[in-house]
Amino acid sequence: METFRPIIRAYAVSIGVWSALSLLTGWNYRIFDEGLNIHSTLPDMLLLAESRGFAYALLTPPIFYLTRRYMSRPSGRFRYVLLYVLGLPPFMLLYSCLRWVVLPPWDATLQQYVPRSSHGPLELIYGSFADQITIYIAVVFAAHAYQYFEKVRKQDLEKFEFQRALAASELQALKMQLHPHFLFNTLHGISTLIDTDQSSAKAMVVKLSTLLRSTLEYSGSDLIPLREELTFVREYLDLETMRLGTRLTIAWSIDPTTQQILVPQLILQPLVENAVRHGIACSRDGGWLEITSQKRGSSLEICIRNSIGGKRTPGIGVGLKTTDARLRYLYSDEAKFSFVETADRVAIVTMVLPALGASLDQSAEPFCPRPTEMSEENHARISRG
């Protein structure tokens, strides 16, 4: 049944189109006869037009099929035109036979249908050969136009699929770029503690294994709930806290209504890592880090602010470049990303994303940041920033 479904659909469309055109043709026959004072009836003219249209409807799908089959083949233009010229006589003969079988011939002089025995199919060719040639040419042109637009549509679809696959591969490459970057930096932090604090180094290795399992759990997902992303960031900051101790102060301000909004996986970790390594760890006195999220209409705004200590290499690092590129691939112009450094040495990264999945179930376990000690001085510095 699946094999015959396209054929049935093609004939159904052809009969439907020709029936609609035949209604207009039958009405035109009646108007034309009135202009010549010929007393024909509208039902007779509609029936005559529909019988002709039905015969053409049965011959149209084969022409479309042959056009699709031979149009894609490389052949000479002369042979191609000759093929359709040679197809005209069979078309006219088949049309006349179908028309003769469907309804008896129509005698314009008598204004009535006459017995089939008095008019054969060949007489139908003689009486309307010009119309048949015109219809044949029109159907051939329509078949070529349809195949041309189908070819263009298919090419556009293939181009879209190619671009989507290319974007997906580039996005995957960006994600894979983050994994070794994050892993190498964390291993470097562990190596600095092996000789001085072996217990902390061991705990960091265990924590790192937990983080890597988390990345594998969502490796096939581009978007995950913000709650899961924040949990991953919290685990990563636990690693950095083991290394930096009291030099790292963390503040969280997470709007509960944003926790189920979908965000790109590992979108925050490189930004937080960038803030810790280039803004806090390079300072002997350490510094502070603040992560906030809030819902603004149909958008999610995430802000990461941190103090800048010591000397910083000018320019934008891997984390910022990769994050900006991923947002452009995933959201096009619907997302905004900005990075600024204020005069009082505070770095601010702001992301505004579409609030996808905001209506999801809010009954999931909420994100609970671990409490951290914050001095009054640092708290005042965050508030002023």
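Student: Are Tyr56 and Phe91 buried or exposed?

Tutor: This is a predicted model, where local features need pLDDT of at least 70, side-chain atom pairs count only at pLDDT 80 or more, and totals for chains, interfaces and linings use all residues. Numbering runs from 1 along each chain as its sequence is written, and side-chain values use heavy atoms, leaving out hydrogens and water. Buried means under 20% relative accessible area and exposed over 50%, with partly exposed in between (1.4 Å probe, protein chains only). By that yardstick, Tyr56 and Phe91 are each buried.

Student: What kind of aromatic pair do Tyr56 and Phe91 form?

Tutor: Rings of Phe, Tyr and Trp (its six-membered ring) pair if their centres lie within 6.5 Å; planes under 30 degrees apart count as stacked, over 60 as edge-to-face and the rest as tilted. Here the centres sit 6.1 Å apart with 15° between the planes, so by the cut-offs the pair is stacked.

Student: Which helices does the pair link?

Tutor: Helices are DSSP runs (H or I, at least four residues) and strands are too (E, at least two), numbered from the N terminus. The two residues are 35 apart in the chain. Tyr56 belongs to helix H2 (residues 42-71) and Phe91 to helix H3 (residues 77-102).

Student: Which are the edge strands of the open sheet of 5 strands, E4-E6-E7-E9-E8?

Tutor: Two strands pair if DSSP finds at least two bridges between them. The sheet has mixed pairing, and E4 and E6 (residues 287-296) pair in the parallel sense over 7 bridges. The edge strands, each pairing on one side only, are E4 (248-254) and E8 (336-341).
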